[in-house]
Amino acid sequence: MSEPILTLTDAVVAFDALRAVDGVSLTVPRGQRRAIIGPNGAGKTTLFNAIAGMVPPSSGRIMFDGHDITKLPPHRRAQLGISRTFQITNLFPTLSVQDNMVLALRGLSPRKFSLFGRPDTDSVEAPRIAAALGAARIAKRADVTVKELSYGEQRQLEIALSLVTTPTMLLLDEPAAGLSPSERSMVAEIIRSLDRDITVVLIEHDMDLALGLVDFVTCMFEGRILVEEAPEGIRRNHKVQEVYLGKPRHA
Amino acid sequence: MTMPRTPKPSRLAGMNGRAALIAATIGVAAAALPLVLSNYQVGLATEVLIFGILAMSIDILAGFAGRTSLGHGAIFGVSTYVVVYATAHAGVPPAAAFAAGVLAATLVAAIFGLLAVRTSGVYFLLLTLALGMIVWGICLRWTQVTGGENGMRGDVRPALLLTNTAFYWAVLAGAAVVTFAMWRFVRSPFGLTLRGIRDSESRMRSLGYNVPLHLFIGFTVSAFFAGVAGAMYAMFNNFVSPSTVALAQSVEGVLMMIAGGVGTLFGAFVGAAAIIALENVVSAYTERWQMVLGITFILIMIFAPEGIIGKLRAILTRKVR
């Protein structure tokens with residue numbers, strides 16, 4: 001196993017009395033594709049928000065790529081190479097797809113502070129944007145205003161935005177949420193064809209989709225880790241079946 | 001296939017040919033105005049330019065960063081106070097006083113900005129309103145320096161610009177430079193980050209942007225331009241009193257921006273012209289001109305909530321399609 005890129009030690013996220021994430025310890029090796037599954041309210045998205053910095057943990061420690069990021073704000077974590085998508089589409093609706101990509105790309109470059117400079121992309125930026133749009137299969141729609149895109153296209157743009165900075169670790173929060181079966185398989189294809197150097201952590205409700213995409217699975221239940229196993233093991237695991245389907249009744 | 005966007009061939013300082021032509025035409029027409037207007041009307045036209053700059057500076061924040069400031073009248077007025085005080089009481093030459101006024105406004109706004117950038121929506125509105133009220137209170141009560149309610153008089157205008165026409169041309173030239181600068185600012189890579197913040201702060205943060213820092217810079221730059229307008233106003237009026245920094249001043253700037261069209265930038269001049277014309281024309285006929293102004297606003301909000309320029313733009317694009 002290669003060195004760990006992400007390590008959570010006893011992470012707790014508490015909202016008053018509710019411990020949404022209740023003492024999670026987790027290690028993701030560099031380059032792994034990891035799914036975090038679990039029923040509604042298991043604490044998956046809260047765990048994501050703790051890793052991305054939207055909701056800092058109440059206690060515990062988060063290490064990323066050799067840095068202690070427990071208390072860093074989201075934009076500093078992004079600068080270290082963490083990129084994320086949102087479960088509820090979170091784009092810039094009044095801007096064009098192209099401008100959305102420009103914003104995503106310049107988040108990590110000093111050009112964002114050019115107060116009176118030209119707006120056009122330069123010879124380094126343009127190919128990177130084209131590559132990310134191509135990877136997310138949405139290159140044809142570059143000049144369209146985001147609010148005029150279909151929902152499926154907006155989900156594709158979610159992924160394109162998180163890819164354009166070539167992150168070290170990509171956090172995908174239900175990338176296929178609300179999509180039709182054909183759109184889901186396209187999103188799966190996009191994720192499958194990502195660069196193997198990128199560590200991917202994925203939350204997904206659809207077990208079949210998730211298990212087909214990853215090397216290793218963490219199943220959460222009631223804020224804690226229930227099981228960690230490879231996908232084949234997860235399918236047969238009784239505990240996982242119980243939390244998803246309820247306890248089998250004994251005759 | 002995506003085509004990487006390349007700069008179009010014929011560009012003048014970032015403008016394409018047609019935009020440069022329109023800008024030049026408007027500039028020449030505006031420069032020719034004193035030939036047809038009376039001396040009094042030239043004064044009004046100067047006022048339109050000055051308040052247009054103030055309204056544009058508010059539009060930078062309201063139209064692009066999604067934050068409407070009710071403190072820009074006070075920032076404008078700080079500059080006016082400093083310019084009048086510096087020339088009338090400290091004997092500073094006009095050019096240096098102008099620079100001191102703009103600098104003072106920018107510094108005051110930087111302090112405002114530190115407090116205001118962590119808020120949005122109605123909280124931003126109220127916080128900037130409160131900060132503006134503090135400035136107003138100081139100008140009213142610090143009598144030894146500001147002259148209190150009586151205000152301050154001073155011959156601020158440089159000798160070269162004493163006639164209304166000469167001063168109008170100077171303000172027009174200044175307005176042209178400032179307008180071009182603001183246009184470049186909102187279109188710049190930084191300007192795009194303000195629009196990004198308006199659309200989604202949480203996405204901006206997860207993309208690596210320090211959102212409060214961007215808002216702080218945006219606020220300070222916007223205030224710099226409000227300060228330029230305030231310094232021009234000092235030379236226009238040769239007088240300053242607490243009403244220059246009062247809430248009504250901020251509100252008037254915001255109303256001009258809204259009447260012209262939020263986010264249109266140049267609409268600010270149209271809004272300023274509409275309101276100043278109304279004030280002066282209607283007040284010649286009735287003392288209740290403020291009521292007429294109010295009704296006009298209600299009509300604009302009902303029939304053209306996107307403002308005068310916004311409405312025209314919508315009509316034009318519909319025709320093109």
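Analyst: Two strands count as paired if DSSP finds at least two bridges between them. Keep that in mind for this predicted model.

User: What makes strand 1 and strand 2 of chain A a pair?

Analyst: Nine bridges join strand 1 (residues 4-15) to strand 2 of chain A, and the cut-off is at least two, so they pair. They run antiparallel. One of the bridges links Val13(A) to Val21(A) in strand 2.

User: Which strands stand at the edges of the sheet in chain A, and why?

Analyst: The sheet is open, with four strands in the order 2-1-4-5 and antiparallel pairing. Strand 2 (18-29) and strand 5 (67-68) of chain A each have a single partner strand, so one side of each has no neighbour in the sheet. That puts strand 2 and strand 5 of chain A at the edges.

User: Over to chain B. Why is helix 2 called oblique to helix 12 of chain B?

Analyst: Helix 2 (residues 39-64) and helix 12 (residues 267-282) of chain B pack at about 135°, with their axes 8 Å apart. Roughly perpendicular covers 65 to 115 degrees and roughly antiparallel needs over 145. An angle of about 135° fits neither, so helix 2 of chain B is oblique to helix 12 of chain B. Their crossing is right-handed.

User: What kinds of residues make up the contact of helix 2 with helix 12 of chain B?

Analyst: Ten are nonpolar, three polar and two charged. Helix 2 of chain B brings residues including Leu44(B) and Phe51(B), and helix 12 of chain B brings residues including Phe269(B) and Ile276(B).

Notes:
Residues numbered from 1 in each chain as written. Chains lettered and ligands numbered in written order. Predicted model: local features only at pLDDT ≥ 70, side-chain atom pairs only at ≥ 80, totals over all residues. Axes fitted to C-alpha atoms, helices over the stretch in contact; angles between N-to-C directions. Helix = DSSP H or I, 4+ residues; strand = E, 2+ residues; numbered from the N terminus. Parallel < 35°, antiparallel > 145°, perpendicular 65-115°, else oblique. Left-handed = near helix turned anticlockwise from the far one by under 90°. Contact = placed C-beta atoms within 7 Å. Nonpolar A, V, L, I, M, F, W, Y, C, P; charged D, E, K, R; others polar.
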